[in-house]
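Student: Could we go through this structure together? I'd like to know where the labels come from.
Tutor: Sure, ask away.
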Amino acid sequence: MTKQSFLDTNLVMKDNNSQRAPLLDAIRKGEFALHVDELRERAAQGNIASSIALGHIYFRGGDSVPKDYGEALYWFKRIKLEDDATGFVASQLATIYYKGLGVAKNRRIAAKYLRSAALHGHSKSRVLFAILQKKGSGTLKKPRSAGTILRASVCDSSLNIMMRFLALVWLYP
């Protein structure tokens, strides 16, 4: 499931149709500034999809809203990992901590979020977590477990070709 379809699905489920259409169009086009206030209001009322959308907007940035990893982190961390049905939020948090985007690099926290995303079915995170397991970076070194995951990932048609190739490279270094 792509990031965009994830946002679409969650906004469809959480909001009524008359309010949703302009917001989704703006997110697709990158015209965030017009709707950030609306999303903040919804997020403050506990709307999970709005918190995810705000995190995504600040993580990605756009013409009208600059990248702000601190804001992205704030909005993503408001979401309980149990409510992260597809692992998208956990994968974004893993990226922030792994790369040190607005925070100190922390491979252990990144591995925790990658594991959570993988357990929620996020295929890319499953491959990346297996690589961390194989290296023993931020998590226990488990080459057999990593190998099993990487072998399955090479044949996983839900992954793009680059992630499948990455899995293959790490399977046979």
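Student: Why are α8 and α10 called roughly parallel to each other?
Tutor: In this predicted model, the axes of α8 (residues 123–135) and α10 (residues 161–171) come within 10 Å and cross at roughly 20 degrees. Axes are lines fitted to C-alpha atoms, for helices over the stretch in contact, and angles run from 0 to 180 degrees between N-to-C directions. Angles under 35 degrees count as roughly parallel, over 145 as roughly antiparallel, 65 to 115 as roughly perpendicular and the rest as oblique. So α8 and α10 are roughly parallel.

Student: Which residues meet there, and what makes one a contact?
Tutor: Lys124, Val127, Leu128, Ile131, Lys134 and Lys135 of α8 meet Met163, Leu166, Ala167, Trp170 and Leu171 of α10. Contact means heavy atoms within 4.5 Å. Sorted by type, the residues of this contact are eight nonpolar, no polar and three charged. For that sorting, Ala, Val, Leu, Ile, Met, Phe, Trp, Tyr, Cys and Pro are nonpolar, Asp, Glu, Lys and Arg charged, and the others, Gly among them, polar.

Student: How do you know whether Phe59 is buried or exposed?
Tutor: Buried means under 20% relative accessible area, exposed over 50%, and partly exposed in between (1.4 Å probe, protein chains only). Phe59 has 14% relative accessibility, so Phe59 counts as buried. This residue sits in helix α4 (residues 48–60). Not counting residues up to four places away in sequence, Phe59 touches Lys67, Tyr69, Ala72, Phe76, Gln92, Thr95, Ile96 and Leu101.

Student: What makes a set of residues a nonpolar core?
Tutor: The set must be buried Ala, Val, Leu, Ile, Met, Phe, Trp, Tyr and Cys residues joined through side-chain atoms within 4.5 Å. The largest one here has 30 residues, and Leu54, Tyr58, Phe76, Val89 and Ile96 touch the most other members. Its largest share, seven residues, comes from α6. A second, separate core of nine residues includes Ala130, Leu150, Ala167 and Leu171.

Student: What counts as a helix, and how many does the chain have?
Tutor: Helices (H or I, at least four residues) and strands (E, at least two) are DSSP runs, numbered from the N terminus. The chain has 10 helices and zero strands.

Student: What else should I know about the numbers?
Tutor: Residues are numbered from 1 along each chain as its sequence is written, and side-chain values use heavy atoms, leaving out hydrogens and water. Local features need pLDDT of at least 70 and side-chain atom pairs count only at pLDDT 80 or more, while totals for chains, interfaces and linings use all residues.
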